[in-house]
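Visitor: I'm new to this one. Can you show me the structure and walk me through it?

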Amino acid sequence: MEDWREAKTLEELYEAIKDCTRCELGKGRTHMVFGVGNPEAEIMFVGEAPGYHEDLQGKPFVGPAGQFLDQLLRSIGLSRDQVYIANTLKCRPPDNRDPLPGELERCTPYLFKQIEIISPRLICTLGNHATKTLLRTSVGITQLHGKLIRKDDLVYVPLFHPAAALHKPPLKAVLVEDFQKLGKYLEEERRKWEKAAKEPVRVEVEPEQMGLF
Ligand code: SF4
């Protein structure tokens, strides 16, 4: 496929961008970390960028933070193969530095294409960087965590990053609590979608069309 924007599936998108060097990070990576999980997931989690282990394995959220995320998912009756996990950047910044604005500008269109293909009910931004990048806000995660935010036809729930929570016990307790809210938001969104699916489709007929058949 010539143009990744035309991808209809995650596989097509991956094939179209797997050799990307749109920013400098493409030169230093071991693996591009495209994202993993269910292509029809109801919830999508978006972290900041691949770290050392993610770069080596080509998968997001491996190691202790990933194990904690699995534990949090189980607490609301979900497993990793039911959700989709990606990052704002697909290649690891050197020494795990923060993503640069130019890198985000080049890489996040891929993420939004993934969101378009998966069409999740909820998008959980993990940590400050992912939250500020996706919501295009300067308001930090401390104020936004656990809230349901509708923006550009998408529904977001910012959460503290599991890696940060592992190092700060008070944050861990907040994240555990926010996951319970997330479970409730998911139920509400499911009900809304089910109700919308049951509603009859209204077709407006122009008076002059009435006698055509
Ligand atoms: S970080 Fe994104 S834009 Fe930069 S090289 Fe990797 S895939 Fe391409």
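Guide: Here is a short tour, from the overall build to the ligand and one helix.
Guide: The model is predicted, so local features need pLDDT of at least 70 and side-chain atom pairs pLDDT 80 or more, while totals for chains, interfaces and linings use all residues. Residues are numbered from 1 along each chain as its sequence is written.

Visitor: How many helices and strands does the protein have?
Guide: Nine helices and six strands. Helices are DSSP runs of H or I with at least four residues, strands are runs of E with at least two, and both are numbered from the N terminus.

Visitor: And what does the C-alpha trace span?
Guide: About 70 × 45 × 30 Å along its principal axes.

Visitor: Switching to the ligand. Which residues come nearest?
Guide: Cys-20, Cys-23, Gly-26, Cys-91 and Cys-107, out of 13 around the ligand. Near means a C-beta atom, placed from the backbone, within 6 Å.

Visitor: Which helix gives the largest share of that shell?
Guide: H5, with three residues. Helix H2 (25–28) also supplies at least two.

Visitor: Now H6. Is it mostly covered or mostly open?
Guide: Mostly covered: seven of the nine residues in H6 (127–135) are buried. Buried means 20 or more other C-beta atoms within 10 Å of a residue's own, all placed from the backbone.

Visitor: Which residues are buried there?
Guide: Among them are Gly-127, His-129 and Leu-134.

Visitor: What covers them?
Guide: The cover includes strand S2 (43–47), H5 and helix H8 (162–167).

Visitor: What follows H6?
Guide: Arg-136, with a positive phi near 45 degrees.

Conventions:
A residue is buried if 20 or more other C-beta atoms lie within 10 Å of its own, exposed if 12 or fewer, and partly exposed in between; C-beta atoms are placed from the backbone. Two residues are in contact if their C-beta atoms, placed from the backbone, lie within 7 Å.
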